[in-house]
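Biologist: I would like to learn how charged pairs, helix packing and surface patches are read from a set of coordinates. Could we take them one at a time?

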Amino acid sequence: MWKTLILWLFYLAFPLQGELSLFDKAEKHLADKEFSKALESYETRSLLGGEPNEVFRSLLLTARIQELLEFPYDTVFTSYRKACNEYPLRAEPLFYLSQYCIKKEQLILSYLFAQEALKLKAPQDVKYVEAF
């Protein structure tokens with residue numbers, strides 16, 4: 001059983017030549033508005049580790065899709081905080097978490113997250129920087 005799991009995880013991280021990586025599959029599902037499939041792929045990709053830009057985007061989009069699909073507040077909040085904690089120099093999860101807190105009428109929390117986001121500078125050496 002462990003061998004199968006390890007091989008499966010290795011295959012997801014390093015697909016055969018000509019096949020899409022798990023991250024690329026998630027991006028395709030997102031572009032095709034297949035949100036449940038995208039969510040599953042992003043969640044799995046974030047657990048695999050590896051390339052930091054892909055892991056960050058996977059964590060961020062996991063939370064964004066959960067919000068879009070109206071997952072419970074605690075689930076969405078926790079996913080945004082995980083992205084914040086894993087990549088503390090990125091403002092995007094704080095910005096989206098602030099917006100989410102406004103929707104949920106958590107105005108003090110929203111203010112605190114927005115203040116933290118404003119303290120951060122946009123990274124220059126990474127992919128997938130969201131402008132807002």
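Biologist: With which residue does Lys103 form a salt bridge, and how far apart are the closest N and O atoms?

Modeller: The general idea is that side chains of opposite charge can pair when their charged atoms come close. Please keep in mind that this is a predicted model. Here Lys103 pairs with Glu67, and the closest N and O atoms of this salt bridge are 2.7 Å apart. Because Lys103 belongs to helix α6 (residues 92–103) and Glu67 to helix α4, the pair ties together parts that are 36 residues apart in sequence.

Biologist: Is Lys103 buried or exposed, and is Glu67 buried or exposed?

Modeller: Lys103 has a relative accessible area of 59% and is therefore exposed, whereas Glu67, with a relative accessible area of 15%, is buried, since buried means under 20% and exposed over 50%.

Biologist: How many salt bridges does the structure hold?

Modeller: The structure holds six salt bridges, and two others are worth setting beside the one just described. One of them joins Glu92 to Arg90, with the closest N and O atoms 2.7 Å apart; Glu92 is buried at 2% relative accessibility, and Arg90 is buried as well, at 6%. Another joins Lys119 to Glu116, where the closest N and O atoms are 3.0 Å apart; Lys119 is exposed, at 58%, while Glu116, at 38%, counts as partly exposed.

Biologist: Turning to the helices, at what angle do α3 and α4 pack, and how far apart are their axes?

Modeller: Two packed helices are described by the angle between their axes and the distance between the axes. For helix α3 (residues 35–48) and α4, the angle is about 145 degrees and the axes lie 8 Å apart, and the crossing is left-handed. Among the residues that make the contact are Phe35, Leu39 and Tyr42 of α3, together with Val55, Leu59, Ile65 and Leu68 of α4, although charged side chains take part too, including Glu43 and Arg45 of α3 and Glu54 of α4.

Biologist: Which residues form a nonpolar patch on the surface?

Modeller: The patch consists of Leu68, Leu69 and Phe71, which together have about 240 Å² of accessible area. Leu68 is also one of the α4 residues in the contact with α3.

Biologist: Where is Phe71 found, and why does Phe71 count as partly exposed?

Modeller: Phe71 sits in the loop between α4 (52–68) and α5 (73–86), and Phe71 counts as partly exposed because its relative accessibility is 31%, which falls between the limits of 20% and 50%.

Methods. Residues numbered from 1 in each chain as written. Predicted model: local features only at pLDDT ≥ 70, side-chain atom pairs only at ≥ 80, totals over all residues. Heavy atoms only, no water. Patch = residues over 30% accessible without salt bridge, like charges linked within 9 Å, V, L, I, M, F, W, Y side chains within 5 Å. Areas by Shrake-Rupley, 256 points an atom, 1.4 Å probe, with all protein chains shown as cover. Salt bridge = Lys/Arg side-chain N within 4 Å of Asp/Glu carboxyl O. Helix = DSSP H or I, 4+ residues; strand = E, 2+ residues; numbered from the N terminus. Buried < 20%, exposed > 50% of the residue type's maximum accessible area, 1.4 Å probe, protein only. Axes fitted to C-alpha atoms, helices over the stretch in contact; angles between N-to-C directions. Left-handed = near helix turned anticlockwise from the far one by under 90°. Contact = heavy atoms within 4.5 Å.
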